[in-house]
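Colleague: I would like to go through this model with you, one short question at a time. Please start with the sheet.

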Amino acid sequence: MGVKYYDLSHILLKNAHYNIIIGERSNGKTFAVLKYGLKRFCALGEQMAVVRRFSEDFTGKRGQTMFAAIEKEGLVEKYTNGEWNGIYYYSSRWYLCRYEDGKREEVNKTPLAYGFSLSSGEHDKSTSYPDIKTILFDEFLSRTGYLKDEFVLFMNTISTIARQRKDIKIFLCGNTVNKYCPYFKEMGLTNIPRQKQGAIDVYKYGDTSLRVAVEYCKPNEKGKPSDILFAFNNPKLQMVTAGSWEVDIYPHCPERYRPCDIMAEFFVVWEENILHCEMVFTETQKYFIFIHPKTTPIKNPDSDIIFTTEYSHRPNYYRRITKPTNKFTQKIAELFKQDKVFYSDNETGEVMRNYLIWCLKG
């Protein structure tokens with residue numbers, strides 16, 4: 001038997017409004033949703049929306065190749081009973097078309113799908129899309145950060161498409177590049193960091209009928225033929241070959257130190273995580289910061305130095321570690337700039353990295 005790619009059938013049984021599919025790269029997540037949308041367009045005339053973060057994600061080859069795998073598998077010809085055999089992209093729209101001897105001879109008048117970018121959502125508000133019944137937000141997980149108020153931008157896009165309707169199925173597909181994602185917090189998806197591969201969790205919201213299904217794809221037992229290209233001894237590549245969450249390798253504590261070597265302490269609160277940060281001075285390393293997770297509440301929230309994304313009137317609270325406002329926070333920022341920061345484990349480094357991305361976006 002060949003490689004078994006992702007199949008939508010299990011998550012569709014949950015009958016959820018939002019279907020979040022997370023897994024390794026190139027396991028067929030996007031293909032499965034595009035296939036679903038094509039099949040419904042051909043059978044029912046239902047259109048599809050493809051959402052990406054930036055308008056550049058649709059320009060040139062990015063837009064032209066969106067349905068390339070669908071075409072290559074012959075699914076256009078299959079679902080249209082031979083009437084069409086290709087998909088043509090023009091101006092953020094995809095159309096069924098017919099090629100003869102490599103030349104495009106005819107194009108269907110009705111778009112199969114429309115492209116929407118979150119960064120330019122204002123341009124779409126005045127247009128109506130009554131026949132869009134499937135929405136795919138492709139690559140919604142990001143390693144490099146998110147747009148300002150991105151979840152609100154996504155909700156605005158959904159509102160533009162749905163208007164007063166609720167007969168829409170929404171898919172969010174992402175590779176396991178970053179488990180710290182604003183969508184998880186905004187949607188109350190609290191179990192994702194602990195979810196097991198192969199599991200589908202369903203979230204419900206009070207007395208409403210809203211349902212969100214989250215599937216953490218099980219890796220292919222036989223692997224993919226391309227896995228041989230990523231067989232290097234680098235744990236980050238487990239994201240590519242096995243769907244593990246991508247985690248960088250962070251510097252660990254360079255030496256043992258005594259409690260009396262701790263010159264000062266501060267805390268960073270990010271998402272549901274609290275990081276305990278110790279500013280240490282030793283004869284060999286001089287000043288450095290060591291960061292480890294804190295599993296209990298902060299004992300002195302009215303006096304301890306705390307960095308958090310939340311606004312606070314208290315003088316011991318700060319928002320961005322990259323924007324110092326006094327000598328102590330300047331010293332902290334200097335040590336970060338000098339790479340004099342060490343971590344108890346790689347997961348702690350990931351939490352801090354995501355917080356720093358947020359700081360730099362401000």
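Modeller: This is a predicted model. In it, six strands form an open sheet with mixed pairing. The strand order is 15-14-11-12-13-16.

Colleague: Which strands are the edge strands of that sheet?

Modeller: An edge strand here pairs on one side only. That applies to a strand at residues 317-318 and to another at residues 341-343. The edge strands are therefore strand 15 and strand 16.

Colleague: In which sense do strand 11 and strand 14 pair, parallel or antiparallel?

Modeller: Strands of a sheet pair through backbone hydrogen bonds, and both senses are possible. Strand 11 covers residues 262-270 and strand 14 covers residues 306-308, with three bridges between them. The sense of this pairing is parallel.

Colleague: Which residue in strand 14 does valine 268 stand opposite?

Modeller: Valine 268 lies within the residue range of strand 11, 262-270. Its opposite residue in strand 14 is phenylalanine 307.

Colleague: What angle does helix 9 make with strand 13?

Modeller: Helix 9, residues 327-337, lies across strands 11, 12, 13, 14, 15 and 16. Strand 13 takes in residues 286-293. The angle between helix 9 and strand 13 is about 85°.

Colleague: And what angle does the direction of helix 10 make with that of strand 11?

Modeller: Helix 10, residues 346-361, also packs on the sheet. It touches strands 11, 12, 13, 14 and 16. Its direction and that of strand 11 make an angle of about 75°.

Colleague: Let us turn to arginine 93. Does arginine 93 count as buried, partly exposed or exposed?

Modeller: Arginine 93 is in strand 4, which runs over residues 93-100. Its relative accessibility is 30%. Buried would need under 20% and exposed over 50%, so arginine 93 counts as partly exposed.

Colleague: Which residues is arginine 93 in contact with, leaving aside its neighbours within four places in sequence?

Modeller: Arginine 93 and leucine 112 are 19 residues apart in sequence, yet their C-alpha atoms are 7.5 Å apart. The contacts of arginine 93, with those neighbours left aside, are Tyr88, Pro111, Ala113 and Tyr114.

Colleague: For the whole protein, what share of the residues is buried?

Modeller: The protein has ten helices and 16 strands. It has 362 residues in total, and a residue counts as buried under 20% relative accessible area. The buried share is 48%.

Colleague: Last, how far apart do the centres of the positive and negative side chains lie?

Modeller: There are 51 positive and 44 negative side chains in the protein. The distance between the centres of the two sets is 1 Å.

Methods
Residues numbered from 1 in each chain as written. Predicted model: local features only at pLDDT ≥ 70, side-chain atom pairs only at ≥ 80, totals over all residues. Heavy atoms only, no water. Helix = DSSP H or I, 4+ residues; strand = E, 2+ residues; numbered from the N terminus. Buried < 20%, exposed > 50% of the residue type's maximum accessible area, 1.4 Å probe, protein only. Lys, Arg positive; Asp, Glu negative; His and termini not counted. Charge placed at Lys NZ, Arg CZ, Asp CG, Glu CD. Pairing = 2+ DSSP bridges. Contact = heavy atoms within 4.5 Å. Axes fitted to C-alpha atoms, helices over the stretch in contact; angles between N-to-C directions.
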